[in-house]
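I opened this notebook to record what I looked up, entry by entry, beginning with the aromatic side chains and ending with the pockets.

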Amino acid sequence: MEEKGKVKSTFIITKFKDPEGLVERFARMGKPLDVLKRMFAKYFIEEKVIHGNIFLNEGINLIWTAVCGGSFTPFDHDHAHIGVGDGTQPADATQTGLLGANKTYKGMDEGYPIFGSDQKAVFRATFGGTEGNHEWNEWTVSNGPGDEYVNLNRKVERLGTKAEGTTWIFTVELSLS
């Protein structure tokens, strides 16, 4: 008998010019991306979809702790964060957070994370005009605003350099089947 399991990761980075902070405000309220792209079409820069990442050992161990009824900090609206940084060291399961010198962790937009259906969890955070203005080469989902918290995953891929006056919305979909 052969056992099979599948882990799937999808990341969506949606970028806007946002001189007045309006995109940021509506995104943090949890407005869907398609609505934001229609509402702010003249400010839309680009959207990039990326697949694949490494689940980190500490995140996998926390998942099993939760399944077996152990004590843990959840990846809920009050605790989950998406972290971005400028590190370029390849991802490895033994890592415990972001590795770059510049790092920014943001809490969830309203209504996130979404979970309990479709065998996935969806996390989303909005980085406004004055936040995360550095190179974005790595990212993670953690249960707190820093590397000292448990990180589920890490991905390394150049997304660009976020500039003042732009809003970038980062959506992370992690699924098991």
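Entry 1, aromatic pairs. I began with Phe 40, which counts as buried because its relative accessibility is 7%, and I note at the outset that the model I am reading is a predicted one. I then turned to Trp 139 and Phe 170, whose rings make an edge-to-face aromatic pair, with 5.3 Å from centre to centre and 65° between the planes. Trp 139 belongs to strand E8 (residues 135–142) and Phe 170 to strand E10, so this pair ties together parts that lie 31 residues apart in sequence. I looked up the accessibility of both partners and found that Trp 139 and Phe 170 are buried.

I next asked how many aromatic pairs the structure holds. The count is 8. Among them is the pair of Phe 26 and Phe 40, which is tilted, because the ring centres are 5.9 Å apart and the planes stand at 50°; the cut-off for edge-to-face is over 60 degrees, and stacked planes are under 30 degrees apart. Phe 26 sits in helix H1 (residues 22–28), while Phe 40 is in the loop between helix H2 (33–39) and strand E2 (44–51), so the pair links parts that are 14 residues apart in sequence. Phe 26 has a relative accessible area of 21% and is therefore partly exposed, whereas Phe 40, at 7%, is buried.

Entry 2, the cluster. I listed the members of one aromatic cluster, which are Phe 11, Phe 127, Trp 136, Trp 139, Trp 168 and Phe 170. One of these, Trp 168, also has a charge over its ring, since the charged end of Lys 15 sits there, 4.1 Å from the ring centre.

Entry 3, backbone. I looked for unusual peptide geometry and noted a cis peptide bond between Tyr 112 and Pro 113, with omega about 0°. Pro 113 is placed in the loop between strand E5 (103–107) and strand E6 (114–117).

In the loop between E6 and E7 I found Asp 118 and Gln 119. Asp 118 is not a glycine, yet its phi is positive, at about 60°; Gln 119, also not a glycine, has a positive phi of about 55°. Are these two residues buried or exposed? Asp 118 is exposed, because its relative accessibility is 63%, and Gln 119 is exposed as well, with a relative accessible area of 58%.

Entry 4, the largest pocket. I read off a volume of about 470 Å³ for the largest pocket. Its lining has 18 residues, and those that lie nearest the centre are Ile 63, Phe 115, Ala 121, Phe 123 and Leu 152. At least two lining residues come from each of helix H3 (57–67), strand E7 (120–127) and strand E10 (166–176). By class I count 14 nonpolar, 2 polar and 2 charged residues in this lining.

Entry 5, the second largest pocket. Here the space is about 190 Å³. Which residues line the second largest pocket? They are Val 7, Phe 55, Ile 60, Ile 63, Trp 64, Val 67 and Leu 176, and H3 gives the most to this lining, with 4 residues. I sorted the lining by class and obtained 7 nonpolar residues, with no polar and no charged ones. I also noted that Ile 63 is named in both linings, since it lies nearest the centre of the largest pocket together with four others and appears again in the lining of the second largest.

How values were computed
Residues numbered from 1 in each chain as written. Predicted model: local features only at pLDDT ≥ 70, side-chain atom pairs only at ≥ 80, totals over all residues. Heavy atoms only, no water. 1 Å grid on protein atoms, 1.4 Å probe; cavity = no way out; pocket = protein on both sides within 12 Å on 5 of 7 lines; lining within 4 Å. Points joined across faces, edges and corners; volume = space filled by probe spheres on them. Nonpolar A, V, L, I, M, F, W, Y, C, P; charged D, E, K, R; others polar. Buried < 20%, exposed > 50% of the residue type's maximum accessible area, 1.4 Å probe, protein only. Phe/Tyr/Trp six-rings, centres within 6.5 Å; stacked < 30°, edge-to-face > 60°. Lys NZ or Arg CZ within 6 Å of the ring centre and 35° of its normal.
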